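Got your viewer open and ready? Let's take a walk through this structure, one selection at a time.

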Amino acid sequence: MQAESMSGAPLWIIGLMDLLGAPGAGLAVALENLFPPIPSEVVLPLAGFAASTGQISLLAALLWTTAGSVVGALALYGVGAALGRERTVAIAARLPLVKVSDIERTEAWFLRHGTKAIFFGRMIPVFRSLISVPAGVERMPLPVFTLLTALGSALWNTAFVLAGYFLGANWTEVTAIASTYSKIVLAGAALAVLAFAVARFLKRRRPSSGARGADTSGSAARARQATTNPQPETHSTPTP
């Protein structure tokens, strides 16, 4: 690859693609699924740029990067399947502000919308890796999981590989746009978690406030009853 066009690309990714070609790009994408900090937004347009220079074919870049996405997702699916539902619930229940009912609602949501989550989740940073774990926990049929993962990943990968292919030496422009998109998604996720934590904290405080209110109203009722129905005075009869 042209050294002047490699600024912003980790050296180990360049080394993989120089050594293995398109399979190297696929391996880098598989690792990105297992370790989300590895940026697929760099690997994919870089693979497209390599295809534009003739180092690899465009079709090979598309096929191998999609295969890498599927392999990485299957590995995380296996992690979820190995954990199983009972162990996952036990671990999640130990988290602060998380209740078993939250886990059960999440499970019910996934059972209803899991197929859409797997397909569209491949286009959301970080989430596209994590979504494979609950799929494994719930034992989504493996052929369905694999097909949806392949289709969703193919769309995401194709967009980035083609962008790198057509931009050529300016492929890093894609990375800048994708980085902004990732930051927006992560900020939205952080706000959602914060909102959940605040709502749960306030909900836990509410029962104690209600108990104090009930005690106060009970005391007031007893005071009113005493005023309305005063107890008759008792006089002791002196003993002669």
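Here is a tour that starts with the whole chain and then visits a few stops.

**Stop 1: the whole protein**

Keep in mind that this is a predicted model. Show the whole thing as a cartoon and you'll find nine helices and zero strands. Follow the chain along its sequence and the pattern reads α-α-α-α-α-α-α-α-α. Now colour by burial: of the 240 residues in the protein, 35% are buried.

**Stop 2: helices H1 and H3**

Select residues 11-20 for helix H1 and residues 40-52 for helix H3. How do these two helices cross? Their axes come within 11 Å, at an angle of roughly 40°. Angles that are neither under 35 degrees, nor over 145, nor from 65 to 115 count as oblique, so H1 and H3 are oblique to each other. Turn the view until one helix sits in front of the other: the crossing of H1 and H3 is right-handed.

**Stop 3: swap H1 for H2**

Keep H3 on screen and add helix H2, residues 22-34. The axes of H2 and H3 come within 9 Å and cross at roughly 165°. Because an angle over 145 degrees counts as roughly antiparallel, H2 is roughly antiparallel to H3. Which hand does this crossing have? The crossing of H2 and H3 is left-handed.

**Stop 4: a nonpolar patch**

Stay with H2 and pick Leu-27, which sits in that helix. Is Leu-27 buried or exposed? Its relative accessibility is 38%, so Leu-27 counts as partly exposed. Next, add Leu-19 and Leu-20 to your selection and switch on the surface. Together with Leu-27, they make a nonpolar surface patch of about 300 Å².

**Stop 5: Gly-78 and a distant partner in sequence**

Move along to helix H4, residues 58-93, and click on Gly-78. Gly-78 has a relative accessible area of 34%, so this residue is partly exposed. Now select Val-133 as well and draw a line from C-alpha to C-alpha: Gly-78 and Val-133 are 7.7 Å apart in space, although 55 residues separate them in sequence.

**Stop 6: an unusual backbone angle**

Finally, find the loop between helix H7 (132-137) and helix H8 (142-167), and select Arg-139 there. What is the phi of Arg-139? It is near 50°, a positive value in a residue other than glycine. Most residues other than glycine have a negative phi. Before you leave, look at how open this spot is: with 53% relative accessibility, Arg-139 counts as exposed.

Notes
Residues numbered from 1 in each chain as written. Predicted model: local features only at pLDDT ≥ 70, side-chain atom pairs only at ≥ 80, totals over all residues. Heavy atoms only, no water. Patch = residues over 30% accessible without salt bridge, like charges linked within 9 Å, V, L, I, M, F, W, Y side chains within 5 Å. Areas by Shrake-Rupley, 256 points an atom, 1.4 Å probe, with all protein chains shown as cover. Salt bridge = Lys/Arg side-chain N within 4 Å of Asp/Glu carboxyl O. Helix = DSSP H or I, 4+ residues; strand = E, 2+ residues; numbered from the N terminus. Buried < 20%, exposed > 50% of the residue type's maximum accessible area, 1.4 Å probe, protein only. Axes fitted to C-alpha atoms, helices over the stretch in contact; angles between N-to-C directions. Left-handed = near helix turned anticlockwise from the far one by under 90°.
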